[in-house]
Every structure is written in structure tokens, then in C-alpha cells.
Amino acid sequence: MDSILSLRQVSKTYASGHKALDHVDLDIRRGEIFALLGPNGAGKTTLINIICGIVRPSTGTILVDGHDAIREARPARSKIGLVPQELAVDMFETVNATTRFSRGLFGKAPDRAYTDQLLKDLSLWDKRDAKIMELSGGMKRRVLIAKALSHEPDILFLDEPTAGVDVSLRRDMWKLVLGLRDRGTTIILTTHYIEEAEEMADRVGVINRGKLLLVEEKADLMKKLGKRELDLSLVEPMRAIPPELAEWHLSLEDEGHRLRYTFDAQAERTGIPSLLRKLAELDIGFKDLDTSKSSLEDIFVDIVAHREEGAAA
Ligand SMILES: Nc1ncnc2c1ncn2[C@@H]1O[C@H](COP(=O)(O)OP(=O)(O)OP(=O)(O)O)[C@@H](O)[C@H]1O
């Protein structure tokens with residue numbers, strides 16, 4: 001694999017004693033979009049900050065396009081653009097000035113043609129002389145991206161790029177990120193939104209409590225995510241599932257009061273009509289039926305439970 005970024009056995013214990021990262025190994029392929037999913041406090045920002053040289057790892061090595069992130073911090077950092085979660089810009093500065101200034105911070109000579117094009121690509125050209133405080137929230141986010149790309153980095157980190165933005169802006173951001181990838185930028189984003197990973201990522205990593213639990217091709221993960229559940233509240237509680245229902249692999253919940261069928265939401269045939277026919281045939285009555293899609297949280301719980309079982313075995 002042609003890795004642009006390699007982490008080996010990276011751990012971080014903060015001064016408070018909190019272990020935010022636990023032996024993380026990760027390779028990012030050149031040119032891919034990698035989505036890092038994880039609940040609050042999982043360690044996503046810590047991981048990004050370590051790669052960007054903002055936080056020092058307790059142990060482990062990080063190579064950024066061949067440069068050691070600690071021993072060769074400057075060349076390593078210059079490969080990276082970081083779009084932080086929170087707005088950290090001078091509100092009184094103009095869009096144009098702040099973008100050019102960011103480029104200078106990385107020791108790059110001014111390149112008007114590049115920064116002008118960047119503002120055009122991000123639909124900020126008309127606003128180039130506006131003060132940042134005068135912009136809408138969505139425009140401000142675009143300014144953060146312009147700043148992050150101002151020094152022509154090969155890797156772009158987006159920390160929660162669409163947290164708190166409306167649906168149409170989210171779609172715009174997705175388009176923009178896909179466009180950057182088409183031009184060869186490697187993109188790593190953190191997110192809570194499964195749709196975001198679904199829409200954009202080539203690969204997905206799941207992190208929880210500082211541990212990278214899995215890294216998979218999105219297509220493979222989506223198969224696991226596409227599970228739905230059908231719950232039937234039974235008229236009469238059941239002690240065991242009749243053998244005639246074996247092919248649906250049902251489970252009995254709530255002390256026999258509910259029958260649960262888990263199926264693949266993307267499958268052409270869900271198996272529900274035949275299940276309902278069979279229940280009628282067997283004279284099994286139900287009062288109510290309910291379907292639910294597995295949420296990201298369920299998936300985390302599932303993955304974590306699985307891993308812990310595996311570790312215990
Ligand atoms: N400077 C610090 N000192 C002590 N603990 C910290 C520090 N920074 C982060 N932590 C802790 O480390 C853990 C991981 O935090 P981190 O910000 O990396 O999580 P995250 O996955 O980015 O979460 P979120 O989705 O909420 O942004 C959390 O429990 C957090 O409280």
C-alpha cells in the first residue's frame with residue numbers, strides 16, 4: 001500500500017492520567033478519503049492533534065509522507081492542512097488577508113494565482129474583501145478550509161466538518177471535499193454522522209475509548225450498518241421459537257413478549273412478507289409491529305461488545 005501517513009503503536013496519556021489513545025496502528029492511503037468515526041471523547045481530536053504536532057504522543061511513531069512527525073516536525077506539518085472544529089480566526093481580518101497570512105505561516109512564498117484560485121474554488125471570491133465577522137456560518141467554515149489549504153498541503157484533516165450545519169450546506173461541503181480528493185488531496189475526516197461516512201469515505205475507521213477497533217472499506221462496513229429490526233409484540237408470550245420459523249433466525253426479547261427479526265435493509269427481499277404469512281399459518285398473533293434501523297450507537301456497542309468478547313476468549 002502507498003501510505004501517505006503511518007502510525008505505529010501511538011498512545012497518549014494526558015497529565016491527568018487519562019489514556020486518550022491506546023496503541024493505535026493506522027495507515028492512510030495516498031489519495032483516499034478516510035472517515036474516523038467515534039463517540040464523544042473517543043480520542044479523535046487527540047489523534048489529529050498528535051499527527052499535526054499539536055499534542056505530543058506518550059509513545060509511538062508517526063510518519064507523514066516519510067517525515068517523522070516529531071523529529072522532522074516542520075516538513076511533516078507542512079504536508080498537512082487542518083480544518084479545526086472551532087472557528088479560530090481573527091474576526092476583523094478579511095477573507096483574502098487571512099488566507100494569504102496562513103500560507104506565510106508555513107514559510108511559503110506568496111502565490112497570488114494559487115490563493116485567488118482557492119478562494120474561487122471555495123465560492124469565497126465575491127467575499128474576498130469582506131471581514132470574517134460579516135460572513136454566514138457556512139462561509140466561515142469555507143474560510144477555515146481556505147486557510148487549511150493555503151500552503152498546498154497533500155493531506156487535509158477535517159475535524160467534524162459538518163457539525164451543526166444545515167442539510168444544504170452539508171451537501172455543499174461534501175461536494176467540495178469530493179472535488180479536493182479528485183485533485184489528489186488525501187482527506188481524513190472525523191464525524192459522528194454515519195451519512196457523512198456513507199456519502200464520502202473510501203474507508204472507515206471506528207475508534208472508541210482510545211482504541212482503533214476496526215478499519216474497513218466503506219462498502220464492507222455499510223453491509224453491517226444496513227441492518228434493520230422488525231419487532232412484533234405478541235398477543236401470547238412465547239417460551240421458545242417454533243422450529244418452523246428457524247429460517248428467519250428470530251430472537252425472543254422481553255421475556256417472550258416480543259419477536260425480533262433482523263434483516264438487511266438493502267436486500268431486495270427482506271423476508272418480511274413470508275415471515276408474516278408463516279406467523280398467520282402458525283396462528284401466532286401480534287398486537288403491534290415496529291421497525292428500527294441500527295444507529296451508529298448500536299453499531300459501536302455491537303463492535304465494542306464483539307471485540308471485548310474476542311479479547312476475553
Ligand atoms: N488536554 C487534555 N488533558 C486531559 N484529558 C484530555 C485532554 N484533551 C482531551 N482529553 C480527554 O481525552 C479523551 C479524548 O478526547 P478527544 O478530544 O480526543 O475526543 P474526541 O473523540 O475528539 O471527542 P469529540 O467527539 O467530543 O470531539 C476525552 O476523555 C477527553 O476528556
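Of the contacts in the chain with a separation of 6 or more, 70% pair residues that sit 24 or more positions apart. Keep in mind that this is a predicted model. The chain has ten helices and 14 strands, and its C-alpha trace spans about 80 × 45 × 35 Å along the principal axes. Out of 313 residues, 29% count as buried.

Now for the inside. The two nonpolar cores look like this:

| Core | Number of residues | Members, among them |
|---|---|---|
| Largest nonpolar core | 57 residues | Ala-35, Ile-51, Ala-146, Leu-156, Phe-157, Ile-187 and Ile-188 |
| Second, separate core | five residues | Leu-230, Leu-232, Trp-248 and Tyr-261 |

The seven names in the top row are the ones that touch the most other members of the largest core. Take Leu-156 as a worked case: leaving aside residues up to four places away in sequence, Leu-156 touches Gly-81, Val-83, Ala-148, Leu-149, Leu-180, Thr-185 and Ile-187. Ile-187 turns up again here, as a contact of Leu-156 and as one of the best-connected members of the largest core.

Then there's the ligand. Which residues surround the ligand? Going along the chain, they are Tyr-14, Ser-16, His-18 and Ala-20, then Gly-38, and then the run Asn-40, Gly-41, Ala-42, Gly-43, Lys-44, Thr-45 and Thr-46. By type, the shell splits into eight polar residues, three nonpolar ones and one charged. Helix 1, covering residues 44-51, supplies the largest share of the shell, with three residues.

Technical notes: Residues numbered from 1 in each chain as written. Predicted model: local features only at pLDDT ≥ 70, side-chain atom pairs only at ≥ 80, totals over all residues. Helix = DSSP H or I, 4+ residues; strand = E, 2+ residues; numbered from the N terminus. Buried ≥ 20, exposed ≤ 12 C-beta atoms within 10 Å, placed from the backbone. Contact = placed C-beta atoms within 7 Å. Near = placed C-beta within 6 Å. Nonpolar A, V, L, I, M, F, W, Y, C, P; charged D, E, K, R; others polar. Core = buried A, V, L, I, M, F, W, Y, C linked by C-beta atoms within 7 Å.
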